[in-house]
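Let's work through some short exercises together. Keep the model open beside you, and try each task before you read its solution.

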Amino acid sequence: MKACMVIAGLILISMYDQVFSDDNDSVEKVEEQSLTSELVNLLNGTYFNLNEKVCQLQRKVDAIERVADPDHQCECNETEINEFKQAVSDELNAFSKILSGFENQMRLLQNEQAELRELIGGGDSDDDVSTTTTTTTTPAPRICDPGWFSSPEKCYYVSSTSEKTEWSMAMSRCTAKGANLVEIQTDKEASFIMRNLPSRVGNTDILYTGRKRNDRDGWVFVSNDKMVDTSVRTWASGEPDGGSQRCGCTRQSESFMMLDCYCTGYNLFFICEIER
């Protein structure tokens, strides 16, 4: 019987080593929640099998203790019984240590499983048959229409020669396209637009943009009345002129820096923009 106990112990210890050597790496990677669940289930099954073995040993120890009771003990087998009792007790202690190790590992895995569920937004209980994960996809950037050119952030449309108009009509024509009169935020954006202008726009042609002078003589963007940041957007030399020039414009000969223009009386090119 002692040999059987030792063999059983070696088998269980082997199972313990194999479970953790084969599956621990997958759990640590936490790439698949199902792998963690399967490992926990495997450990649970091994735990209950081992627990049953311990209970069987405990019952045998109890039986030996009853046989070894002084009132019932035979002097001829006292030494043999004590030795057997000690051997079984030693094996019982070894199994108890293994069982304790399984309990600790199971707690660690269950904690890791709970943390993983929080990370992926699951939060399901251990008794759930299945888990549901939600993935968030980023919409693909808008594809710019033919006749528009694009940056990573925007699509731009430059009016044709026949579309030249006053500032307020330029805004309306952009709105009809589902866009806004261009609000050039930075000199970098201005340089990008200038490099992509169609050949119909000459070096000295003026183009309307989506800036205006407000009642406090501050220059703001049309869509949100936000002040133009002159630390990243530069006025051309001698600008703004002031007076009745209350609308924004630009041109290539000024390196697409900011100009102020008359809002009426002149038909000019304009640029529309739309977010991608």
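**Exercise 1.** Find where D225 lies, and say what marks its backbone.

*Solution.* Step one: D225 sits in the loop between strand 5 and strand 6. Helices (H or I, at least four residues) and strands (E, at least two) are DSSP runs, numbered from the N terminus. Step two: D225 is not a glycine, yet its phi is positive, about 60°. Most residues other than glycine have a negative phi, and most peptide bonds are trans.

Before going on, note that this is a predicted model, in which local features need pLDDT of at least 70 and side-chain atom pairs count only at pLDDT 80 or more, while totals for chains, interfaces and linings use all residues. Residues are numbered from 1 along each chain as its sequence is written, and side-chain values use heavy atoms, with hydrogens and water left out.

**Exercise 2.** Which residues does the cis peptide bond join?

*Solution.* The cis bond links E239 and P240, with omega about -5°. P240 belongs to the loop between strand 5 (219-221) and strand 6.

**Exercise 3.** Stay in that loop with S244. Is S244 buried or partly exposed?

*Solution.* Buried means under 20% relative accessible area, exposed over 50%, and partly exposed in between (1.4 Å probe, protein chains only). S244 has 49% relative accessibility, so S244 counts as partly exposed. Next, look for its contacts (heavy atoms within 4.5 Å). Leaving out residues up to four places away in sequence, S244 touches R213 and Y262. S244 and Y262 are 18 residues apart along the chain, and their C-alpha atoms are separated by 6.7 Å.

**Exercise 4.** Describe the surroundings of R211.

*Solution.* First, place R211 in strand 4 (residues 207-213). R211 is buried but has no salt bridge, meaning a side-chain nitrogen of Lys or Arg within 4 Å of a carboxyl oxygen of Asp or Glu. The nearest side chain of opposite charge is D260, 7.4 Å away; Lys and Arg count as positive and Asp and Glu as negative, with His and the chain ends not counted. Finally, the side chain of R211 reaches the backbone oxygen of C249 at 3.0 Å.

**Exercise 5.** Which residues of the largest nonpolar core touch the most other members?

*Solution.* A nonpolar core is a set of buried Ala, Val, Leu, Ile, Met, Phe, Trp, Tyr and Cys residues joined through side-chain atoms within 4.5 Å. The largest has 20 residues, and W148, W167, L181, Y208, F270 and C272 touch the most other members. Strand 2 (154-158), helix 4 (167-176), strand 6 (247-250), strand 7 (259-261) and strand 8 (269-275) each supply at least two residues of this core. A second, separate core of 13 residues includes F149, I184, L197 and F256. F256 has 0% relative accessibility, so F256 counts as buried. F256 lies in the loop between strand 6 and strand 7, and has a positive phi of about 60° although it is not a glycine.

**Exercise 6.** What is the average pLDDT of the chain?

*Solution.* pLDDT is the predictor's confidence in each residue, from 0 to 100. The chain averages 79, and 62% of the residues score at least 70. Over residues 1-8, pLDDT stays under 50. Where pLDDT is low, the predicted coordinates should not be read in detail.

Technical notes. A polar contact is a pair of N or O atoms within 3.5 Å; within protein, one must be able to donate a hydrogen and the other to accept it, and residues adjacent in sequence count only if both atoms are side-chain atoms.
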